[in-house]
Amino acid sequence: MGTICSLLYAKQELFASVYLSLQKELGLSVPALSLADLVKTHLNSFRLFQHTADVPAPFVENKEKVVARTMQIVELASETWLVTGRHPIPIVTAAAFLSWQSLQPAARLACTLARFCKLAGVDLPPPAHLRLKELLEILLRMASQLAWLRVFNMDKKTVVKHIGDLLQHRIFLLKNAFCPEDEEEQRAAALGEASPGSPGAAGGAAQGEGCLSGGKRRPLLPPCLINPRKRLRTAAPSASDSAVTGEEPISDSEIEQYLRGPEEIRAFRKAQAWL
Amino acid sequence: MLVLCITEAQQRLRRDDLSTSPQLFTPMSPYDVDLPIQTTEDVLFGSQFNQPKELPTDFSSVDLSFLPDITQDNKEQNLFEDGHEMQKELDGSTSNEDSSILTDESSLAYPDASQATEASGVCPPLTPMAPMTPVTPASESSGIVPQLQNIVSTVNLACKLDLKNIALRARNAEYNPKRFAAVIMRIREPRTTALIFSSGKMVCTGAKSEEQSRLAARKYARVVQKLGFPAKFLDFKIQNMVGSCDVRFPIRLEGLVLTHQQFSSYEPELFPGLIYRMVKPRIVLLIFVSGKVVLTGAKERSEIYEAFESIYPILKGFKKAS
């Protein structure tokens, strides 16, 4: 959609509302977004697959390899709730960056995301940095479950070297690195229902262990649920609220508090005249 | 909780122009009032009393064989007795046709509150009297009740208004004719905002319940009256109700848009939520990956509850998919 808008010099919000209302009025059924197609078309615009003057030799890469690995990383992102509800392009950009880096880590680890996009001749969308951070966090957790990597202290630079292995075993690693999404809820419910005292504590501890075995584990949830932003929850309507009938008598004093007295009106008129 | 039910029931009855009966509070066996699923009973009563016109015709087709006999527990007997006492109060103000259904429904309306969503032996499927959505056999009610967040209503004050005059003499009014051709007035209790037009028509927004919206609109009308205009209170009507709730699990929106293509619109580039246009009842739902759901477009509270009960099993189907 961004491409179309830039070609038409159209405002994105205007285009979006026209598109949505057309879809509704004409009853169009538009095929859902296909991430695979998006990856292919977006990577077509990257200028890293041929030797050119401004691209250093170690940065040039085989297109098929990059596309294949990017596809796998985007699938991984999709499975770990990083894609739902987000703009897809920044995810593809971040995934392309990681896959390109991992194919020749020695030469490319020093390159930043911003520089990568500049070299590739592609815009760097603002959310791409956050998506990159989220992807790296997922990969680090997976790396903690890989036997031959546990000895190393992985960080977000070193994990890139092993992306190939991590992708190869991703199904197994995902299962081990994250607990099922509702286990945390069950744990909370169990703790809530358990009677206070030792039985409850023991039950809670047992449940907690199930989630924490083999190192730190967290439930596989979308980031908005992992880091909930503190929101003022409006309290559920109290009994006094429910007792409102809509037909209560309204006192004069209550209404008069909203009316201006004559002196106030005069003062207000004067002030208005000045403005 | 019983207090809530009774007062809710009373409001519904009053609105339907039936005679009110004095409130009778029968303390129930101790319930955990803090549980979030406290007002399931509220929903039952709400859905019943909001459709009194439809009740007489549909009894024959409603299969009530699922309702169990209340005999076993002492607790259940207490519930039954209490239900009956309340039943006697309600009988005085509703037609006799309803009473048999009410007995059954009210005795079953107080399942053990601590059993949240899973079916206990006594928990009935939450079906309205005239099922407009397909009834899944042995389906449990979700136990989650959407909270109303905003009510929009309109009323006709039936007299021409001098907006400049109103803005001058009222403290809580703002008027910017270049920006918008109406006075924006606010009151503190209930916390609402009103748009007052020179034709005498008024829009009231921000209330959290139908009754609060009506009370607020009346207060605005009184303010206009006190400013010297012959304001009346004609054709008060709720135009839109917005509710929200949380299903407590993440939802695969990409999957949902595939299986419910005719109703769903999910464009992550435009909006992070999925827009689900339900046909019956005609409600628009915004469904987010976090499991939060916003329901809008209702003219009646029951439409919101019904829409949520329809969408909940669909959403549960996407809980485990990965």
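Okay, let's start at A:Tyr9, which sits in the loop between α1 (2-8) and α2 of chain A. This is a predicted model, so keep that in mind for everything I point at. What is odd about A:Tyr9? Its phi is positive, about 55°, although A:Tyr9 is not a glycine. And is A:Tyr9 buried or exposed? Its relative accessible area is 77%, and the cut-off for exposed is over 50%, so A:Tyr9 counts as exposed.

Chain B has a case like that to look at too. B:Arg248 isn't a glycine, yet its phi is positive, at about 70°. You'll find B:Arg248 in the loop between β6 (234-246) and α8 (253-259) of chain B. With a relative accessibility of 52%, B:Arg248 is exposed as well.

While we're in the loops of chain B, let's talk about cis peptide bonds. One of them joins B:Glu189 to B:Pro190, with omega at about -5°. Where is B:Pro190? Look in the loop between β3 (182-187) and β4 (192-197) of chain B. Another cis bond links B:Lys280 and B:Pro281, and there omega is about 0°. B:Pro281 belongs to the loop that runs between β8 (274-278) and β9 (283-287) of chain B.

Now some helices in chain A. Take α8, residues 128-143. How far apart should the ends of these 16 residues be? At 1.5 Å a residue the helix should span 22 Å, and the end C-alpha atoms are indeed 22 Å apart, so the two agree. The buried residues of α8(A) include A:Leu132, A:Leu135, A:Leu136 and A:Leu139. Here's a handy bit of background: an α-helix has 3.6 residues a turn, so residues three or four places apart point the same way. Charged names turn up among the buried residues of α8(A) too, including A:Arg131 and A:Glu134.

Next, hop over to helix α4 of chain A and find A:Thr70. Its relative accessibility is 0%, and buried means under 20%, so A:Thr70 counts as buried. What does A:Thr70 touch, leaving aside neighbours within four places in sequence? A:Thr70 is in contact with A:Val39, A:Leu43, A:Val92, A:Ala95, A:Ala96 and A:Ser99.

Right, on to where the two chains meet. Chain A brings 56 residues to the contact and chain B brings 48. The size of an interface is often given as the accessible area lost when the parts come together. For chain A and chain B that buried area is about 4700 Å², with carbon and sulfur atoms giving 55% of it. On the chain A side, A:Thr84, A:Ile250 and A:Tyr258 supply 15% of the area that chain A buries against chain B, more than any other three residues.

How many salt bridges cross the interface of chain A and chain B? Six. In one salt bridge, the side chain of B:Arg171 meets that of A:Glu264 at 2.7 Å, N to O. Between the chains there are also 21 residue pairs in polar contact, both partners being at pLDDT 80 or more.

And which helices of chain A help out? Those giving at least two residues each to the side that touches chain B are α2 (12-26), α4 (63-79), α13 (223-226), α14 (239-242), α15 (252-256) and α16 (262-274). α2(A) gives the most, with five residues. Sorted by kind, the chain A residues on that side are 26 nonpolar, 14 polar and 16 charged.

Methods
Residues are numbered from 1 along each chain as its sequence is written. Chains are lettered from A and ligands numbered from 1 in the order in which they are written. Side-chain values use heavy atoms; hydrogens and water are left out. Contact means heavy atoms within 4.5 Å. Buried area is the accessible area (1.4 Å probe) that two parts lose on being put together, summed over both. A salt bridge is a side-chain nitrogen of Lys or Arg within 4 Å of a carboxyl oxygen of Asp or Glu. A polar contact is a pair of N or O atoms within 3.5 Å; within protein, one must be able to donate a hydrogen and the other to accept it, and residues adjacent in sequence count only if both atoms are side-chain atoms. Helices (H or I, at least four residues) and strands (E, at least two) are DSSP runs, numbered from the N terminus. Ala, Val, Leu, Ile, Met, Phe, Trp, Tyr, Cys and Pro count as nonpolar, Asp, Glu, Lys and Arg as charged, and the others, Gly among them, as polar. Buried means under 20% relative accessible area, exposed over 50%, partly exposed in between (1.4 Å probe, protein chains only). The expected span of a helix is 1.5 Å times one less than its number of residues.
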